[in-house]
Amino acid sequence: MSEDINISTLLQTLDSKVTSQEEKDAAYLQLANQLKEDSLSLVSLDVGKNSQKFCDFIKIDLEKNRADSNGLQILGFCLHDTEAVGNLSKEFCSQILSSLCQCIEKSEDKNVCAKSLWCLHQQNIGKDVVGQKVETMLSAVEHALLKWKMQSSVVEHEASQVIYRLLKDYRKEMDSLTLRWGKLLLPLMAHRATKIHEKALEVVKTELPSLLQHQRELVQALIPEFKLRISSEMKWFFTSQREMHALECWEIYVQICGKELHHGSFINMLLPIMELAFKGSNEVKIRAFQAWQVLIDNFATNYEILTCPKRCKLIMQVLKITNAKTEAVAMAKLQVWWHFVWLLGPKASANFEQVCLPLLQFCVGGLKNCNGFGTPRTHTNGPSPKTPRMNLSGSGVGSSYPRIPSLQLKGCEVLAHFLGSVPEDLDVPKFSFSLDQLTHDLISGPGFFVKQAPVFIQCTADLICELDSQIPEELLLHIWYSLIAHMRNGLDSGSRSEMKDAFTLFLTQFQVIVLSQALPVKIILKLFNAVGCLPSKALISTAYNVNCGEKLHGTPALFLVQLLLTPNLIKDCASMESYSALYGKLVNIGIGGPGSLEFAQAVLHLLDVSEVFVDSPDWLWRLWSTVVNPLHEYILKTNEVNQGDALEHDFSCLYAALLFPIKHQLPEKLAQMSVKTLQKTWSEIYQTFARLSALVTNAQANICCEDLCHQIHKHLKELDLPSFSMIDFLIQTSQAVISSFDFSSLCSVGAFGIHSISVSPAKWTKKKHKPMENLQSYVVLLRQLMEALNTYIKQADKEASNSVSPQGPASGIIECLSTLFTHISSSGVLSAVIGQLSQPIGDLYQESIKKTCAKLFNNNFMQKLEKLWNEICSALQTKYSGTYDSDLLSKLSPLLEATFLHSRRAIKNQTALLWSATFSKTSHLIYPETLRPVLSKVREKSSVLLPGWVSVPVTVVEETPVSQMSQADSQAPEPHLPGMPSPRKIHGSFLNKAVSPNVKKSPSRPTEKVTRSPGATRKNLTINELQKEDFVVIKSPPKKKRILTEHQKEVLKEKRVIPTMYNTLDNSQDVSIMFGSDSHFGSDTQSQPPTPAADSLIIINSSFSQNLSQKKDKPATVRASRRSSSEASDREDSQNAKREPGTGRRRRSVRFKDTQEEEPQKSDEANQGENKLIKAQEEESRLTGAQEGENKLTPRDKSEGAGDEISGHDEFEAVWDQALSKMVDEGK
C-alpha cells in the first residue's frame, strides 16, 4: 500500500486551491491510515522529510477550524518524530502549539479535541518552546475537561495524559500551577474508565506531596465534586470488583481533605465507602484497615481531635467488629489498632477501657466482654448522637474473637508494652519487640493498676495457657516480672480492700498456670520465685481469700505451698535445689506470721496427701524438716503450742509434726545418719512441746504424752510387724517422751491447781477406764514395742546373717522401764503398769535365760536386767500400798515365772526376797496355772512359803540354820496395831489355851464390829506417807555359815521334837515370829518378865484367833468391862512412859497369822502345850529377826505412836478387840 501512496501527489492535492475539502480529508485519511499501520515505512520517512509542508497545511486548517482527526493524526506524527521536528523552526513549533490549544478550546468535535490533546502530549518539541506554552496548554486541558466532562472518556484520558507529560518534563512550570491541575486530576481518579482513573491515580499518588500544599483550595473544589459524582462512582467500584482502586482513592481523598474531616459532616460521605470495604473479601479488608489507618493519621494531625471521645468511638467502631477471621486480616487489624494506641500517647491510660482493653481481648481471643475479663464499666446505649455511626456486622456484644496463635504472640508483646519495663534490679534477658515501643507508660501508678489488675492478670494467664512454650522465655519473664512489680506496688500502697480481689484473682490464675502444665518446670519455678518476692505481710494475711471455701483462714503463702506440692512439681523437681529453697522460703514466710501453728499443720497435711508422689524418702524427710525446724524456732520464741481457745486446748499441729515420720515410716527408709538427725529433731520438738503444754491452763497434765502415744499406737496396730529400724526409732522416741513426763501429777488429789480446774464431773468417770491416767497410752505403746522387740530377738538366731544388733533398742526399753518404775509413786498406777508390762518384760527375761541372741544377752546387758528387776521389786515393796493378793499375783505372774528360776543368781535371789516380803505374808492366794510349775520347782530347791498351797504339801528343807530362820521370817504379815497396852501391864497370856486337833470345827459366824470411842479411832497410814527419816537400814550380814550359840542350838533342837498334836500347823503359816531377846509374856510361870524391848511383838496364833472369833457373842457387860480394863492399861502405859524419860512410847506390832484351812477350836486343856511352843518360837524369832533383807527398813520409835499400820478391815478390828479384852481379864 505504501507503494500506492505518492507523497508528492498528496502534497499537490493539499496545496491545490481547486481541491475540495473532501478531497483533502480523503488525502489526510489515506496518509493517516498508512502511518497508523506502519510508522516506520518509507512513507513515514517521506512524511518526515516533508513535515514542514504537512504542518503548514494542517496549521491553516487549525486556524480556520477545519482540522479533522486525520490531519491531527499526521500533525501528531510530525510533532512526535524527532527528524520531523528537527525540520521545524522553533517559532513555527510555538505557533503549532498555540493553534492546537485554540483548536481544543474552539472545537466542537470531541474527536478533534481529543486528537489535539493527543498531539500535545505526543509532541517532542524543544523544552524551551514548550515551557513557554505550559500554562496555555494547561488552560486548554482545563477547557477540554470542563467542556467534555462526563461526555467523552477519550478527551478526559488525553487530557490527563497531557497533564502527566507536563508534570514529567516541566516540573518547575507545573509547580506553580498545582492547584489548577490538582483540581483536574482528583475527580478523574473516580472515573469509571480504567485508563483514566488509573492514570489519574498514578499521577496524584506521585504528586501528592505537592497537592497537600494546597489542601484547603483543593478541598473546596473536591467537596462539591465528591457529592456530585465521586461518592457514587466509588461505590460503583465495589460493585464492579474494583475495591482496591476505590480504597486507594479513599486514602488520597482523606489525606487531601485533612482537617476538613475533623469538623462538619463531610466525613459521613466517606464512611459508607468503608462500610462496603469491611464487608468485602479478606484482601479488601486488609486494604480497608490500611485505609482506616490513614483516617487515624488524619485525626492525629490534631491530638485533641484524636483523643476526642467521639473520634475514638468512630475509630473503634471498625476495630471492635469481629471481622478478622483469618491470620492476615487479624495481623493487619492489630497493626492499625496498635498504631492508634501508640498515637494516643499519654491519653492511652484515660482511654484504656475503650481502646486497650478491647485490644487485649482481641489478641487473646474468645468471647468479648466475657465475665471475669476486664473491669465493670458503665453501659452505654451506643455511640453519641454526634458520633458518626457505621453499620457493620459482627459488632454485637457476646460475639467471639478468633484464637489465632500468631496474633496471641503479638498479644504478648502488646501486654508487655502495657505492663511497661522490667525493674532495673532484675537481670532479665532483653527481648526484641516487633511492635513500636509506647512513648508513655500506660500504667501511670498503683491506683491505675489496682483498678485494671483483673485485665492484666486474666490476659496473662490466658496467653500463657494458650501458647504454652511457644512464648519466648525472655518475653514471658518480661511480662511476669513486670506484673509482679505492679502487684508489689499495689500491695504496698495500703489499699487492701481494693487489692483483695485483684490479689485473689492473681493467685487463682497462677494456680491455673501451674496446674495446666503449659510451661517447663524450670520456668514455673522462676515464676514461683517472683511470686515469693511479694510483700510478706500480704503472703501471710488471711484477708486474701484464696482457699475456694476449703479453709476459712488460708493465707497466700499456704496457697503457694499447696501449688508447690502438686504431683507434677514434686516428681519433676525432686533433685532441684531451687525447689527446696523456694519451698523453705514460703514455709518460713508462713510460719513467721499470725496463725503459724495452723499454717504448719496445713502444710504437714499437704505433705501427707502428697507423700504418694514423692519417690525419695530422703526428699520427704527434707520437706518435713523444712517445716518443723522453723516451727520449733517459732515455738521456742513465742512459747505457744496451743491452737485452741479458753475452753478447750488444741495441739493438732504438734501432733501432726511428730506423727509424720512415724506415719510414713521414714526411719526404715532413710540412711542411718539421716535417722539420727531425724531422731534428734523429733526429741527436741517433743521436749519443748511437753514443757510448754504443761503451761496451758485448760489442758490436763501429760495430755500431750497420752494423745501422741495413743495415735502412735493406733498407727502401729495397722502394721503386722514394724521393721527393726522402726522399732529402734520408736524406742528412742519413747525415751524422750518418758524423760519429759511429769510423774508428780499421777493420782494427784484435788487442790485447786491449774490442772484440776478443767476437770469436770463428767470426766471423773473416765478415770475408772484409765487407771494409769495420762500414762495409759504410753504404757500400752511400750508393751507393743516390747512385744515386737521380743519377736525380733526370738528370730535373731534364725537370721544369722542379720548384722543389726537388738542391743540398742533393748537397752532403750530397759531405760524406759527403769524410769517408769523408779518414778511411779502411786500404788494404783503401779499395779496397772505391772498388769500391762509384766508379760512382755517376763518374755524378755525368759529370752535372757535361753540367751537366744548372743549379741544381746552379754554380761553388760544382763547387769541392766538385774538392775531393772531390783527397781521393779523395790517399787513393789516400797510404793505399792495395796494388798498382795491373788489379783496382783496374776498380774506379776509372767515376771515371777521368768525370775524365780533365772540363771542369774542376783535375779533369782531378788525374786525370793520379793516373795518373802510380799506374797508369803498373805492369808490366801490363788496361783495362776502357769506359775504353779515354777513354784513347785522353787519349793523343791528352797524354803519358800506359799500361802494357800493346797495341792502340794510344804516340804521343809533343812539345809542351814539360815534357811530355816529365813523361812520362819517369811511366814506371816505384820500388821502394826496402834493403841495396844504396854507389855509390862499384861498379867497372863491369852495364848494359854490347849491346842487340840480333835476339837470340832465350829461354823464361821459373821464378825461383829466393835464400837469404839471417838478417842480410840485409828488413822490408817500407808507406807508411802511415812518419812524416810523414820526408818533405819538394817544391813544384812555377809553370806556365810552362822555360828550359833548354845541357846540357839537348844531352841532348834526343841523345835525338831514338837509333839504331833501340832501337825495341823503344817498347812498353815509358821508361827515363828521375831521377838526381842528380852521380851516375854506375863503368863509364863517359869521366869519373871524382864523389861520389854523397844519393838515388842505380840503374837496371835491363827488358830487362837478363830477361838476368839467364836467368843464374840458374850454379853455386852463383859465387853464393856474389857474396854475399861483396856483403857486403864493404856493409862498405866502412858505413866510408865513418863517414868522413863528419854524414851518414846513403845510401838507394838502384831503379826496376825491366818491359815488357809480352818483349824479346830482348841480346848482349855491344851494351853500348857501351847505355852511351851510359844516359848520356843520366841527364841527362834529373836534369832531370825537378824536376817532381815538388805533393803528392809524398820520404823523408829515414836512417842505419839503415829505411823502404825493395820489392815483396816472390820473383821480384824473386831477380833483384835475381843483378844485385847481377854488379855486384860486374864491379867487381872
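**Salt bridges, cysteines and a charged patch**

Helix α16, spanning residues 215-239, contains both arginine 229 and glutamate 225, which are four residues apart, or about one turn of the helix. In this predicted model, the side chains of arginine 229 and glutamate 225 form a salt bridge with an N to O distance of 3.4 Å. Both partners are covered by the protein. Arginine 229 has a relative accessible area of 7% and is buried. Glutamate 225 is buried as well, with a relative accessible area of 11%. Both values fall under the 20% cut-off for a buried residue.

The structure has 21 salt bridges, among them pairs that connect separate parts of the chain. One of these joins aspartate 608 to lysine 663, with 3.5 Å between the closest N and O atoms. Aspartate 608 belongs to helix α33 (residues 596-610) and lysine 663 to helix α35 (residues 652-663), so this pair ties together parts that lie 55 residues apart in sequence. Aspartate 608 is partly exposed, at 23% relative accessibility. Lysine 663 is also partly exposed, with a relative accessible area of 40%.

A further salt bridge is formed by glutamate 866 and arginine 904, whose closest N and O atoms are 2.6 Å apart. This pair, too, links distant parts of the chain: glutamate 866 is in helix α43 (residues 859-878), while arginine 904 is in the loop between α44 (886-899) and α45, 38 residues away. The two partners fall in separate accessibility classes. Glutamate 866 counts as buried at 17% relative accessibility, whereas arginine 904 counts as partly exposed at 22%. In addition, Glu135, Glu142 and Arg180 are joined into one network by salt bridges that share partners.

The cysteines were examined next. A disulfide is a covalent bond between the sulfur atoms of two cysteines. With a cut-off of 2.5 Å between sulfur atoms, the number of disulfides is zero. For cysteine 308, the nearest cysteine sulfur is that of cysteine 312, at 7.3 Å, and cysteine 308 is in no disulfide. This distance is not within 2.5 Å, so the pair does not meet the cut-off. Cysteine 308 is partly exposed, with a relative accessible area of 22%. Cysteine 459 is likewise in no disulfide, and the nearest cysteine sulfur, belonging to cysteine 363, is 7.4 Å away. Cysteine 459 is buried, at 1% relative accessibility.

On the surface, Arg905, Lys908, Lys937 and Lys941 form a positive patch. Two elements, α45 (905-917) and α46 (932-941), each give two or more residues to the positive patch. One of the patch residues, lysine 937, is located in helix α46. Lysine 937 has a relative accessible area of 46% and is therefore partly exposed. Patch members must have over 30% relative accessible area, and the value for lysine 937 satisfies this condition.

Serine 493 was considered separately. Serine 493 sits in the loop between α26 (473-492) and α27 (496-516). With a relative accessible area of 40%, serine 493 is partly exposed. Serine 493 and glycine 447 are separated by 46 residues in sequence, and their C-alpha atoms are 8.4 Å apart in space.

Conventions:
Residues are numbered from 1 along each chain as its sequence is written. This is a predicted model: local features need pLDDT of at least 70, side-chain atom pairs count only at pLDDT 80 or more; totals for chains, interfaces and linings use all residues. Side-chain values use heavy atoms; hydrogens and water are left out. Patches are made of residues with over 30% relative accessible area and no salt bridge: like charges are joined within 9 Å, nonpolar side chains (Val, Leu, Ile, Met, Phe, Trp, Tyr) within 5 Å. Accessible areas come from the Shrake-Rupley method with a 1.4 Å probe; for residues, only the protein chains shown count as cover. A salt bridge is a side-chain nitrogen of Lys or Arg within 4 Å of a carboxyl oxygen of Asp or Glu. Lys and Arg count as positive and Asp and Glu as negative; His and the chain ends are not counted. The place of a charge is taken as NZ of Lys, CZ of Arg, CG of Asp or CD of Glu. Buried means under 20% relative accessible area, exposed over 50%, partly exposed in between (1.4 Å probe, protein chains only).
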